Amino acid sequence: MNVIYNEYFVVLIFFTVALFISLIILILSYVLNSQQSDQEKVSAYECGFNPFDDARATFDVRFYLVAILFLIFDLEISFLFPWSLVLGQLPFFGFWSMIFFLAILTLGFIYEWKKGALEWE
């Protein structure tokens with residue numbers, strides 16, 4: 001039973017050191033950094049909108065399209081990673097169903113590419 005407590009004690013020391021280092025970094029960031037706003041800080045972000053503007057500004061459809069494409073390919077990876085881990089134990093149907101899934105995604109990607117959905121102009 002004492003061995004278990006020794007293992008948890010190491011984890012407790014790790015968390016204590018991590019908390020201590022995090023607090024030091026947080027405090028130093030406020031002490032060493034100037035908190036004054038300058039022109040660069042209040043300028044437009046990467047999306048091209050001013051940070052202090054009307055909240056009901058319309059967004060370009062391309063932002064939504066890029067977000068949807070990211071979600072689609074992110075989900076593809078979330079299916080592909082576990083499949084690759086058990087690839088050796090999968091039967092014939094499991095292998096070819098994933099190949100079919102990847103083929104559909106590849107065709108969709110090629111279609112979007114040909115339509116110019118990935119172009120940012």
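Two rings of Phe, Tyr or Trp, with the six-membered ring taken for Trp, are counted as a pair if their centres lie within 6.5 Å. By this criterion, ring pairs join W83, F92, F95 and W96 into a cluster. The model in which this cluster occurs is a predicted one.

The protein chain contains 3 helices and 0 strands, and from the N terminus its elements follow the order α-α-α. Helix α1 covers residues 2-32, helix α2 covers residues 61-85, and helix α3 covers residues 92-115. Mean pLDDT for the protein chain is 81, with 82% of the residues at 70 or more. Confidence is highest in helix α1, at a mean of 90, and lowest in helix α2, at a mean of 82.

Of the 121 residues in the protein chain, 7% are buried. The accessible surface of the chain amounts to about 11,000 Å², and carbon and sulfur atoms account for 71% of that area. When contacts between residues at least 6 apart in sequence are considered, 35% of them connect residues at least 24 apart.

An unreviewed UniProt entry lists residues 12-32, 63-86 and 92-111 under "transmembrane region". Two of these spans were examined in the model. Residues 63-86 are 96% helix and 0% strand, and the C-alpha atoms at the ends of the span lie 36 Å apart. Residues 92-111 are 100% helix and 0% strand, with 29 Å between the end C-alpha atoms.

A search of the whole structure returned 7 aromatic pairs. One of them is formed by F92 and W96, with 6.2 Å from centre to centre and 55 degrees between the planes. The pair is classed as tilted because the angle falls neither under 30 degrees, the range for stacked rings, nor over 60 degrees, the range for edge-to-face rings. Both residues belong to helix α3, where they are 4 residues apart, about one turn of the helix.

The two partners of this pair fall into separate accessibility classes. F92 has a relative accessibility of 66% and therefore counts as exposed, the cut-off for that class being over 50%. W96 has a relative accessibility of 44%, so this residue counts as partly exposed, a class that lies between the 20% and 50% limits. F92 and W96 are also among the members of the ring cluster, together with W83 and F95. Within the numbering of the helices, W83 falls in the range of helix α2, residues 61-85, while F95 falls in the range of helix α3, residues 92-115.

How values were computed:
Residues are numbered from 1 along each chain as its sequence is written. This is a predicted model: local features need pLDDT of at least 70, side-chain atom pairs count only at pLDDT 80 or more; totals for chains, interfaces and linings use all residues. Side-chain values use heavy atoms; hydrogens and water are left out. Helices (H or I, at least four residues) and strands (E, at least two) are DSSP runs, numbered from the N terminus. Buried means under 20% relative accessible area, exposed over 50%, partly exposed in between (1.4 Å probe, protein chains only). Contact means heavy atoms within 4.5 Å. Accessible areas come from the Shrake-Rupley method with a 1.4 Å probe; for residues, only the protein chains shown count as cover. pLDDT is the predictor's confidence in each residue, from 0 to 100. UniProt positions are given in the numbering used here, feature names are shortened, and annotations may be inferred rather than shown by experiment.
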